[in-house]
Amino acid sequence: MTTFRMLKGAAVALAAALVVGAVGPAHAAPAPAEKIAAQAKKAYDDAQFERAADLYLAAWRADPKRVALVYAAARASHQGGKLDRAEELYLQALKSGELAPELRGKAQEHLLTIATRRAETRAEEAESLQRAGKYADAAEVWRSAAAVLPSRVIYLCRAGRAAKLAGDLRGALRDYTACRDSAPVGSGDRAEAERV
């Protein structure tokens, strides 16, 4: 009897070990960050971008080493039209130094897209002001567009033209000079600045 009980006990222990092994890491419940990230992805797929961004950030707080979650939150904010928040999150992800090179490149591209959209919005506003004869205001808005997207040196030329029309010759000269000095040799922008 004693041998039977020992064998029975060993069999129960072996069965328990097999069951525990069966629900080991491969079948264990997902970590909190994984659960939250899965909810975030579902919200993103359902075009609930603000909720997705909040959930991705919550997942990141649960697992701060996963900086890709900050990038995902930025992307969700961007898709939802929250450009200020998206920009802040892209920059946060880039500053970490832990972001994968592929995501780093994408974050930089998205930041450029945001800057371009902001500059274009300001350029549209400046053109509207100029058409309305508000040249001094137009010059200021052109300058702000150039500050947002320095690669568009034509905005400085347009600021110079608006300043000239407003009678601000000193401002016009400053803007045209900045345009000429920033534009590549042989470019149309530089030629326009040099004609003045």
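These exercises work through the fold and one helix pair of a predicted model.

**Exercise 1. State how many helices and strands the protein chain has, and give their order.**

Solution. Start with the count. The protein chain holds ten helices and zero strands. Then read along the sequence. The pattern is α-α-α-α-α-α-α-α-α-α.

**Exercise 2. Describe the burial, exposed area and contacts of the protein chain.**

Solution. Take burial first. The protein chain has 196 residues, and 34% of them count as buried. Next, the surface. About 12,100 Å² is exposed, with 57% of it supplied by carbon and sulfur atoms. Finally, the contacts. Among those with a separation of 6 or more, 45% join residues 24 or more positions apart.

**Exercise 3. Classify the packing of helix α4 against helix α6.**

Solution. Recall the descriptors. A packed helix pair is described by the angle between the two axes and the distance between them. Now the values. Helix α4 spans residues 68-79 and helix α6 spans residues 101-131. Their axes lie 11 Å apart, at an angle of about 25 degrees. Apply the cut-off. Angles under 35 degrees count as roughly parallel, so α4 is roughly parallel to α6. Add the hand. The crossing of α4 past α6 is left-handed.

**Exercise 4. List the residues through which α4 and α6 meet, then sort them by character.**

Solution. List the α4 side: A68, Y71, R75 and H78. List the α6 side: L103, K106, A107, H110, T113 and I114. Sort the residues of this contact. Five are nonpolar, three are polar and two are charged.

How values were computed:
Residues numbered from 1 in each chain as written. Predicted model: local features only at pLDDT ≥ 70, side-chain atom pairs only at ≥ 80, totals over all residues. Heavy atoms only, no water. Helix = DSSP H or I, 4+ residues; strand = E, 2+ residues; numbered from the N terminus. Buried < 20%, exposed > 50% of the residue type's maximum accessible area, 1.4 Å probe, protein only. Contact = heavy atoms within 4.5 Å. Areas by Shrake-Rupley, 256 points an atom, 1.4 Å probe, with all protein chains shown as cover. Axes fitted to C-alpha atoms, helices over the stretch in contact; angles between N-to-C directions. Parallel < 35°, antiparallel > 145°, perpendicular 65-115°, else oblique. Left-handed = near helix turned anticlockwise from the far one by under 90°. Nonpolar A, V, L, I, M, F, W, Y, C, P; charged D, E, K, R; others polar.
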